[in-house]
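Thanks for coming. I will go through the aromatic pairs and then the sheet, so please have the coordinates open.

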Amino acid sequence: MADITLTDRAAKRINEIMGSEPPGSSLRISVNGGGCSGFSYAFDITRSREAQDVAIERNGATVIVDPVSLEYMSGSTIDFVNDLIGQSFKIENPLATASCGCGTSFSL
C-alpha cells in the first residue's frame with residue numbers, strides 16, 4: 001500500500017471529473033523530469049493500469065501512480081484547493097526541498 005494520502009476534497013473532485021468520463025477511468029498522477037524546479041507532476045485521465053501501478057482509493061475515487069513516480073511522492077498528500085487564484089489539485093510532498101509558485105514542479 002502506498003503511503004500517499006488522498007483528502008476528502010480531492011476524492012470529491014476526482015469523482016466529479018470521472019462522472020463525465022468513460023466507465024473504468026481513473027486519475028493518473030506521475031512525476032516527470034522538467035519544470036522550473038527540476039521535476040513536475042502530470043495529471044492524466046486513463047483507463048489503463050499496469051500490473052506494477054499502485055491505486056490510492058478514497059470514497060470511490062481512484063488515483064493511479066506508477067512505481068517510479070511513487071518513489072518521488074512517498075508520504076505525499078493529494079488535496080484539491082479552490083481559492084482566489086483558481087482551483088487545482090495540490091500535492092504536499094515532504095520529499096520536496098523546493099517548489100515553484102505554480103505548485104506543479106518541485107526539486108528534491
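**Aromatic pairs and the sheet**

F80 is buried, at a relative accessible area of 11%. Keep in mind that this is a predicted model, so everything I quote is computed from it.

What is the ring of F80 paired with? Its partner is F89, and the geometry is edge-to-face, with 5.2 Å centre to centre and 65 degrees between the planes. The cut-off for that label is over 60 degrees. F89 is buried as well, with a relative accessible area of 17%. Add F43, and F43, F80 and F89 make up one aromatic cluster.

Now the backbone under that pair. F89 in β7 is also the bridge partner of F80. Strand β6 covers residues 77-83 and strand β7 covers residues 86-92; they run antiparallel and are joined by seven bridges. The connection between β6 and β7 is a hairpin through two residues.

How are the strands ordered in the sheet? The order is β1-β6-β7, in an open sheet of three strands with mixed pairing. β1, residues 5-6, and β7 are the edge strands, each pairing on one side only. As a general reminder, strands of a sheet pair through backbone hydrogen bonds, either parallel or antiparallel. Here β1 and β6 run parallel, joined by two bridges, while β6 and β7 run antiparallel. On the β1 side, L6 stands opposite I78 in β6.

There is a helix on this sheet. Helix α1, residues 8-18, packs on it and touches β1, β6 and β7. The direction of α1 makes about 75 degrees with that of β6.

Back to the aromatics. How many aromatic pairs does a search of the whole structure find? It finds three. One of them is F39 with Y72: the ring centres are 5.0 Å apart and the planes are at 40 degrees, so the pair is tilted. The reasoning is that planes under 30 degrees apart count as stacked and those over 60 as edge-to-face, so 40 degrees falls among the rest.

Where do F39 and Y72 sit? F39 is in strand β3, residues 39-46, and Y72 is in helix α2, residues 67-73, so the pair ties together parts that are 33 residues apart in sequence.

Are F39 and Y72 buried or exposed? F39 is partly exposed, with a relative accessible area of 22%. Y72 is also partly exposed, at 27% relative accessibility. For F80, by contrast, the label is buried, and F89 carries that label too.

That is what I had; questions are welcome.

Methods: Residues numbered from 1 in each chain as written. Predicted model: local features only at pLDDT ≥ 70, side-chain atom pairs only at ≥ 80, totals over all residues. Heavy atoms only, no water. Phe/Tyr/Trp six-rings, centres within 6.5 Å; stacked < 30°, edge-to-face > 60°. Helix = DSSP H or I, 4+ residues; strand = E, 2+ residues; numbered from the N terminus. Buried < 20%, exposed > 50% of the residue type's maximum accessible area, 1.4 Å probe, protein only. Pairing = 2+ DSSP bridges. Contact = heavy atoms within 4.5 Å. Axes fitted to C-alpha atoms, helices over the stretch in contact; angles between N-to-C directions.
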